[in-house]
Amino acid sequence: MAEKSKLWYLENFNIFKGLNEDSMMELNKISSMKEIFKDQPIYFAAEPSKAIYFLKTGRVKIVKYSNDGKENILTLINPGEIFGEMAYLEEEKRTDHALTIESSLICAINKNDLADFINKNPELNLKLTKLIGLKLRSYSERIEDLIFKDANQRIISFILRMAQKNGKELGGQIFIKPFLKHQDIGEITACSRQTVNYLLTDLRNKGVINFDRNKLIILNSAELKKLLI
């Protein structure tokens with residue numbers, strides 16, 4: 001990939017906006033950009049935490065595996081987001097796996113290089129801390145869902161969070177694209193695929209949502225929120 005192209009991608013990460021030209025050129029030198037095809041690993045659990053990753057295009061899932069090999073999705077990473085950030089907080093070894101859901105363009109920065117860079121640009125420290133804090137809050141919300149909500153409420157809560165995070169509003173409707181397979185939604189919400197399919201179909205029949213393989217549309221967000229009460 002051309003250096004100019006890599007620099008353009010870096011400039012479009014929110015965390016790096018506002019840096020001067022010299023800082024951006026240094027960032028360009030210490031980072032690498034790579035395209036990773038669909039369903040490929042980025043890192044594995046138990047391997048050394050050496051880098052922080054920034055997702056430019058595509059989607060990534062962070063997962064853990066149970067003793068019987070079952071995959072449990074912890075979170076989804078969308079364009080413009082950071083993952084593997086625990087390396088910056090002195091994590092020595094990875095505790096989860098990162099895999100692409102679709103072909104993805106990923107920027108990687110060695111954690112020591114990033115720490116040195118942040119020392120020279122201290123305004124980044126607050127931005128990165130805020131991003132990590134938001135992610136931890138997201139994990140906390142998911143744990144609360146698992147404890148206090150039933151299966152249907154967990155799925156609805158997940159849809160609403162996806163809408164808030166990645167949805168595009170158009171004509172009073174909220175479009176979430178791309179969306180996920182029912183199996184993936186089930187893994188994230190600790191529900192069966194059948195439960196997800198039944199609820200989404202029921203909501204579609206009631207005119208609350210619509211969906212296909214590529215997208216989900218919230219037709220009546222107020223009605224959807226009422227189901228959480």
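Which residues are linked with D145 in a network of salt bridges? I began my notes with this point and found that D145, K149 and R161 are linked in such a network. I keep in mind throughout that this is a predicted model.

**Entry: salt bridges**

I looked up the count of salt bridges, which comes to 11. One of the pairs is K61 with E71, whose side chains meet at 2.9 Å, N to O. This pair links distant parts of the chain, since K61 sits in strand 4 (residues 60-65) and E71 in strand 5, 10 residues apart. I then checked how far each partner is covered, and K61 counts as buried because its relative accessibility is 13%, under the 20% limit. E71 is likewise buried, with a relative accessible area of 16%.

I also noted E91 and R94, which form a salt bridge with their closest N and O atoms 3.8 Å apart, and both of these residues are buried. For K215 and D212 I found a salt bridge of 2.8 Å, N to O. Here K215 is partly exposed at a relative accessible area of 25%, and D212 is partly exposed at 37%.

**Entry: helix 4**

D145 from the network led me to helix 4, where D145 is listed among the buried residues together with L124, L128, I132, K135 and R142. Helix 4 runs over residues 123-148, which makes 26 residues, and it reaches 38 Å from its first C-alpha to its last, close to the 38 Å expected at 1.5 Å a residue. What covers the buried residues of helix 4? I found that the cover includes strand 5 (71-77), strand 6, helix 3 (111-120), helix 5 (151-166) and helix 6.

**Entry: the open sheet**

Next I traced an open sheet of 4 strands, whose order is 1-8-3-6 and whose pairing is antiparallel. The edge strands are strand 1 (31-36) and strand 6 (82-83), each of which pairs on one side only. Helix 2 (residues 21-30) packs on this sheet and touches strand 1 and strand 8 (104-110), with its direction at about 55 degrees to that of strand 1. Strand 3 (residues 51-57) pairs with strand 6 in the antiparallel sense over 2 bridges, and I saw that F54 stands opposite I82 in strand 6.

**Entry: the nonpolar cores**

I turned to the nonpolar cores with a general expectation in mind: in soluble globular proteins, nonpolar side chains tend to be buried together. The largest core here has 29 residues, and those with the most contacts inside it are I159, L200 and L216. The elements giving two or more residues to this core are strand 5, helix 5, strand 10 (173-176), helix 6, helix 7 (193-205), strand 11 (209-211) and strand 12 (216-218). Which element gives the largest share of this core? The answer I found is helix 5, with 7 residues.

I followed L200 further and, leaving out residues up to four places away in sequence, found that L200 touches I155, I159, H182, I185, I209, F211 and L216. There is also a second, separate core of 23 residues, which includes I52, A87, I109 and F117.

**Entry: G186**

Is G186 buried or exposed? I found that G186, which lies in helix 6 (residues 182-189), is buried, with a relative accessible area of 2%. Beyond its neighbours within four places in sequence, G186 is in contact with C191 and V196. By comparison with K225, G186 is 39 residues away in sequence and 20 Å away in space, C-alpha to C-alpha.

**Entry: backbone exceptions**

My last search was for unusual backbone geometry, given that most residues other than glycine have a negative phi, and most peptide bonds are trans. The peptide bond from K177 to P178 is cis, with omega near -5 degrees, and P178 has its place in the loop between strand 10 and helix 6.

A46 has a positive phi of about 80 degrees although it is not a glycine, and A46 lies in the loop between strand 2 (41-43) and strand 3. I noted that A46 counts as exposed, because its relative accessibility is 53% and the limit for exposed is over 50%. A190 also has a positive phi, near 60 degrees, without being a glycine, and I located A190 in the loop between helix 6 and helix 7.

Key. Residues are numbered from 1 along each chain as its sequence is written. This is a predicted model: local features need pLDDT of at least 70, side-chain atom pairs count only at pLDDT 80 or more; totals for chains, interfaces and linings use all residues. Side-chain values use heavy atoms; hydrogens and water are left out. Two strands pair if DSSP finds at least two bridges between them. Contact means heavy atoms within 4.5 Å. Axes are lines fitted to C-alpha atoms, for helices over the stretch in contact, and angles run from 0 to 180 degrees between N-to-C directions. Buried means under 20% relative accessible area, exposed over 50%, partly exposed in between (1.4 Å probe, protein chains only). The expected span of a helix is 1.5 Å times one less than its number of residues. A salt bridge is a side-chain nitrogen of Lys or Arg within 4 Å of a carboxyl oxygen of Asp or Glu. A nonpolar core is a set of buried Ala, Val, Leu, Ile, Met, Phe, Trp, Tyr and Cys residues joined through side-chain atoms within 4.5 Å.
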